[in-house]
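Me: I have a structure to go through with you. Can you take a look?

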Amino acid sequence: MADGIELARAASVAALATEGVYSMGRGRYVEPATYEGSEKVSGVVVTPEDLEIHIVARYPLPRPIPEIAETIREIVAPYAGGRKTIVLL
Amino acid sequence: MILLLAALFVLGVYVVIYAFDLFDYKLESLPITDFTKGVDNFVAGVEDGSLSTVTIIILVLLAILGLIWFIAELRPSAPRRVRMGSGTYVTRSVVEDEVSTVAEQVPDVLGSSVGVKAKRSPGAQVDLEARVRRGEDLGTIKSGLQSTVRERLSERGLPVSKLNVKLVEADPRQTKTRVQ
């Protein structure tokens, strides 16, 4: 189980390696990100209860959105430490 | 908003100064005696129960309005994102863009505008307004458009709880595309 920035980093790598993901989401008004020291991981927000992963999907979609989200969730699950994983497209 | 807060702060400072007679500023020196007398008379009227019918009606209406407002404030605000299933959300613009793209691929549709409302339950409420030529068979276009949009969104995995389609007859010279 990873924590904080490590978890954010792992989630970001897992999300970007998933088929159908173009990039990490940067938000329209507020950038979702995890900070620690001088490091920042964009597109992932880690809280004690949740792990939010913001992504931008590739268009046209290679497969349905729920499948993309499920794949990300499965890859991230071992690191999440029981947190609820929320995928935002 | 900042200006409003600044104004309220300044007003608060003045109220404190006048209320505690600081720096020789006294509440009695303010030209509000007519106003305070009016308020006094009104409150005395309320206590005596000697208000006019119109005043009573206005007060009752204000109370009802306040109650309605209070109940409206208690309702939780609508979610910003469209819930797809357990722990997956999409922004409303994703649904809007997809519906708009699909609608404008339908041969009879010359242009469209889409509104998406996120629901607390999975799925979004989609309000699609499609512009078509005058004299077209609106019933056939509407059912075809509804089924096409539902089918495409289902392929993408985007849930729609309610799809409202409205067809508007328009002049092709004023629409996004003249010919499909």
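Me: Start with the hairpin in chain B. What is the bridge partner of B:V82 in β2(B)?
Reply: B:V90 is the bridge partner of B:V82. This is a predicted model, where local features need pLDDT of at least 70, side-chain atom pairs count only at pLDDT 80 or more, and totals for chains, interfaces and linings use all residues. Residues are numbered from 1 along each chain as its sequence is written, with chains lettered from A and ligands numbered from 1 in the order in which they are written.

Me: In which sense do β1 and β2 of chain B pair?
Reply: Antiparallel, over four bridges. β1 is residues 81-85 and β2 is residues 88-91. Strands are DSSP runs of E, at least two residues, numbered from the N terminus. Pairing takes at least two DSSP bridges between the strands.

Me: And the turn?
Reply: Two residues sit between the strands, and B:G87 takes a positive phi near 75°.

Me: Which strand of chain A pairs with β2(B)?
Reply: β6 of chain A, residues 84-88, in the parallel sense over two bridges. A:L88 has B:Y89 as its bridge partner there.

Me: How many residues does each chain put into the contact?
Reply: Twelve from chain B and 13 from chain A. Contact means C-beta atoms, placed from the backbone, within 7 Å.

Me: Which elements of chain B supply that side?
Reply: β1, β2 and α5 (138-156) each supply at least two residues.

Me: New topic. Is α3(B) largely in the open, or buried?
Reply: Of its 22 residues, the number buried (20 or more other C-beta atoms within 10 Å of the residue's own, all placed from the backbone) is zero, so α3(B) lies largely in the open.

Methods:
Buried ≥ 20, exposed ≤ 12 C-beta atoms within 10 Å, placed from the backbone. Contact = placed C-beta atoms within 7 Å.
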